[in-house]
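Take a walk through this model, from its metal site to the end of the chain. Keep the coordinates open as you read.

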Amino acid sequence: MRALAAPVLAVCGLIASACGGADPNGAAAGQAAPATSASRQETRPQQQESQPQQQESQPQQDSAKQEQPPEAEPLDGKVIVIDPGHNGGNYRRPDIINRQVDVLTEKKACDTTGTSTNDGYSEAAFTWDVSTRLARILRSRGATVKLTRSGNTGVGPCITQRAAIGNKAKADAAISIHADGAGPKDHGFHIIMPKKIGGPVDKVVGSSGKLGLAVRDAYRKGTGVPYSTYIGRDALDYRSDLGGLNLSTVPKVFIETGNMRNAGDAAKLRSPAFRQKAAVALADGLQHYLGA
Ligand code: ZN
């Protein structure tokens, strides 16, 4: 650095205008870059803030769009609620999560801790990771996405609240992401859809069934995980005991993405590359259902 000081001063002496106090960054040659990025921010402020990843991964497309209005994305105008099952702090507060809540067909615990792989990778961490990947993908396709929790260190919310978040958002589709804790020989994935219970969910039982089929087909195709060997028929199951479904007034399904207690499934669920593949598949299923 010291060796450079003299030549730099010499240049400054010769070209005074380039070295004055007018440029606080001290880099006259760099002035073009901030100006470019500033103009990009003016034309697409929202996308800049909410989709930094897309910005990074598609710089060419971005610069090509600079002087044109943003192109329509397939999920523009769609609202999707993602519910990452359980929460990483649930085990610390049994007093909260064991509180009984009314799910219309019965009373049950506000939430549960979820399961884990035999070597301790928790379902809550898994669902959070897949959900945040899925949110990024859906936002990059134009959707408005809301998650039912904001991290993986908190407690809850209760299953009743998880349903209420989808309802309040008037979601076009909602999905609750889980992994199962079944017997060690059981494997594969399944979708859980609501049943008619003589309650508010009845009017979305049909649409939830369609959503379930779309998500099942996309997940099978996108991940190669086989249909569950132990629950449902062709990976489709219908239940009336889940608060997250019974209390939903928007089309909603659960997915049990695999069995964390099965060695083969657990190896997949533990893999970040697999989780990305799963997130893309779920996005494709949601998009297919939404007709986009
Ligand atoms: Zn679960």
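**From the zinc site to the last helix**

At 9% relative accessibility, His178 counts as buried, since the cut-off for that label is under 20%. The model is predicted. His178 binds the zinc ion through ND1. Two other residues coordinate the ion: His86 through NE2 and Glu123 through OE. The distances run from 2.0 to 2.1 Å. Along the chain, the donors are spaced H-x36-E-x54-H. Glu123 lies in helix H7 (residues 123-140), and His178 lies in strand S5 (residues 173-180), so this pair ties together parts that are 55 residues apart in sequence. Glu123 is also buried, at a relative accessible area of 2%.

Now step back to the whole chain. The protein chain holds twelve helices and eight strands. Of its 292 residues, 43% are buried. Take the contacts between residues at least 6 apart in sequence: 79% of them join residues at least 24 apart. The chain exposes about 14,700 Å², and carbon and sulfur atoms supply 53% of that area.

Helix H12 comes next. H12 covers residues 272-289, 18 in number. From first C-alpha to last it reaches 26 Å, close to the 26 Å expected at 1.5 Å a residue. Its buried residues include Phe274, Arg275, Leu282, Leu286 and Gln287. Ala278, Ala279, Ala281, Ala283 and Gly285 are buried too.

What do the buried residues of H12 pack against? Their partners include H7 and S5, the elements that hold Glu123 and His178. Strands S1 (79-84) and S8 (252-259) are also among them, as are helices H9 (205-223) and H11 (263-269). Just after H12, Gly291 takes a positive phi of about 70°.

Notes. Residues numbered from 1 in each chain as written. Predicted model: local features only at pLDDT ≥ 70, side-chain atom pairs only at ≥ 80, totals over all residues. Heavy atoms only, no water. Donors = N, O, S within 2.8 Å, 3.2 Å for Na, K, Ca; no water. Helix = DSSP H or I, 4+ residues; strand = E, 2+ residues; numbered from the N terminus. Buried < 20%, exposed > 50% of the residue type's maximum accessible area, 1.4 Å probe, protein only. Contact = heavy atoms within 4.5 Å. Areas by Shrake-Rupley, 256 points an atom, 1.4 Å probe, with all protein chains shown as cover. Expected span 1.5 Å × (residues − 1).
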